[in-house]
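User: Please take one residue of this model and look at it closely. Describe its surroundings, then show how they fit into the rest of the chain.

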Amino acid sequence: MNNMKKEQMITKIQEIVKDEKFRMDAYFFCGFPSGTPNEKLLHACEAYLDTWEKKKSDKNITEHMIEKLEEAAAAAKVSTVANIVDNNNDIEQILAHKELLY
């Protein structure tokens, strides 16, 4: 997606939040092998979405989310765990266009 727009980025971040919440529910409530939920990534994305909804950009929140996205991308490259929910493609696309997050 070469011409990614901010709205598309927001949709991808919302999808990551939704997937991480599913992973959390599946992991803790059902014992479903969905991979360990990434709570730090979940909270960072939720904080970013909260500022976006309030139309109040916060550079620190944006940079924190980018940091958590980068950590998740790095962990996915070395992980051998099969996840039912896979955000790796969305994370990579967001990071490739992270300048749109500000």
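Analyst: A residue is called buried under 20% relative accessible area, exposed over 50%, and partly exposed in between (1.4 Å probe, protein chains only). By that rule, 37% of the 102 residues of the chain count as buried. The model is predicted, so local features need pLDDT of at least 70 and side-chain atom pairs count only at pLDDT 80 or more, while totals for chains, interfaces and linings use all residues. Residues are numbered from 1 along each chain as its sequence is written, and side-chain values use heavy atoms, leaving out hydrogens and water.

The residue chosen here is Asp90. Its place in the fold comes first. The chain has four helices and zero strands, where helices (H or I, at least four residues) and strands (E, at least two) are DSSP runs numbered from the N terminus. Along the sequence this reads as the pattern α-α-α-α. Asp90 belongs to helix H4, which covers residues 88-96.

Is Asp90 buried or exposed? Asp90 is buried, because its relative accessibility is 16%. Leaving aside residues up to four places away in sequence, Asp90 touches Lys12, Glu15 and Ile16; a contact means heavy atoms within 4.5 Å. Another residue to set beside Asp90 is Met9: 81 residues separate the two along the chain, and their C-alpha atoms are 8.7 Å apart.

Of the residues that Asp90 touches, Lys12 also forms a salt bridge with it, with 3.2 Å from N to O. The term stands for a side-chain nitrogen of Lys or Arg within 4 Å of a carboxyl oxygen of Asp or Glu. This pair links distant parts of the chain, since Asp90 is in helix H4 and Lys12 is in helix H1 (residues 6-30), with their positions 78 residues apart. Lys12 is buried, as is Asp90.

The whole structure holds eight salt bridges, and several others can be set beside this one. Glu46 pairs with Lys21, and their closest N and O atoms are 3.4 Å apart. Here too distant parts of the chain are linked: Glu46 sits in helix H2 (residues 39-53) and Lys21 in helix H1, 25 residues apart. Glu46 is partly exposed because its relative accessible area is 27%. Lys21 is partly exposed as well, at 42%.

A further salt bridge joins the side chains of Asp50 and Lys54, at 3.3 Å from N to O. Its two members fall into separate classes: Asp50, with a relative accessible area of 34%, is partly exposed, whereas Lys54, at 53%, counts as exposed. Glu67, Lys68 and Glu71 are linked in a network of salt bridges.

Helix H2, which holds Glu46, can be described a little further. H2 has 15 residues and reaches 21 Å from its first C-alpha to its last, close to the 21 Å expected at 1.5 Å a residue; the expected span is 1.5 Å times one less than the number of residues. The buried residues of H2 are Leu41, Leu42, Ala44, Cys45, Tyr48, Leu49 and Thr51. After H2 comes Lys55, which has a positive phi, near 55°.

Three of these buried residues of H2, Ala44, Cys45 and Tyr48, are touched by Met65, which also touches Ile13 and Leu101, not counting residues up to four places away in sequence. Met65 is itself part of the largest nonpolar core, a group of 22 residues in which Ile13, Met65, Leu69, Ile91 and Leu101 touch the most other members. Such a core is a set of buried Ala, Val, Leu, Ile, Met, Phe, Trp, Tyr and Cys residues joined through side-chain atoms within 4.5 Å. H1, H2, H3 and H4 are the elements that give two or more residues to this core.

Helix H3 covers residues 59-78 and includes Ala74. Ala74 is partly exposed because its relative accessible area is 42%. From Ala74 to Asn88 there are 14 residues in sequence and 9.8 Å in space, C-alpha to C-alpha.

To return to the chain as a whole, among contacts between residues at least 6 apart in sequence, 68% join residues at least 24 apart. The bridge from Asp90 to Lys12, with its 78 residues of separation, is a link between distant parts of the chain.
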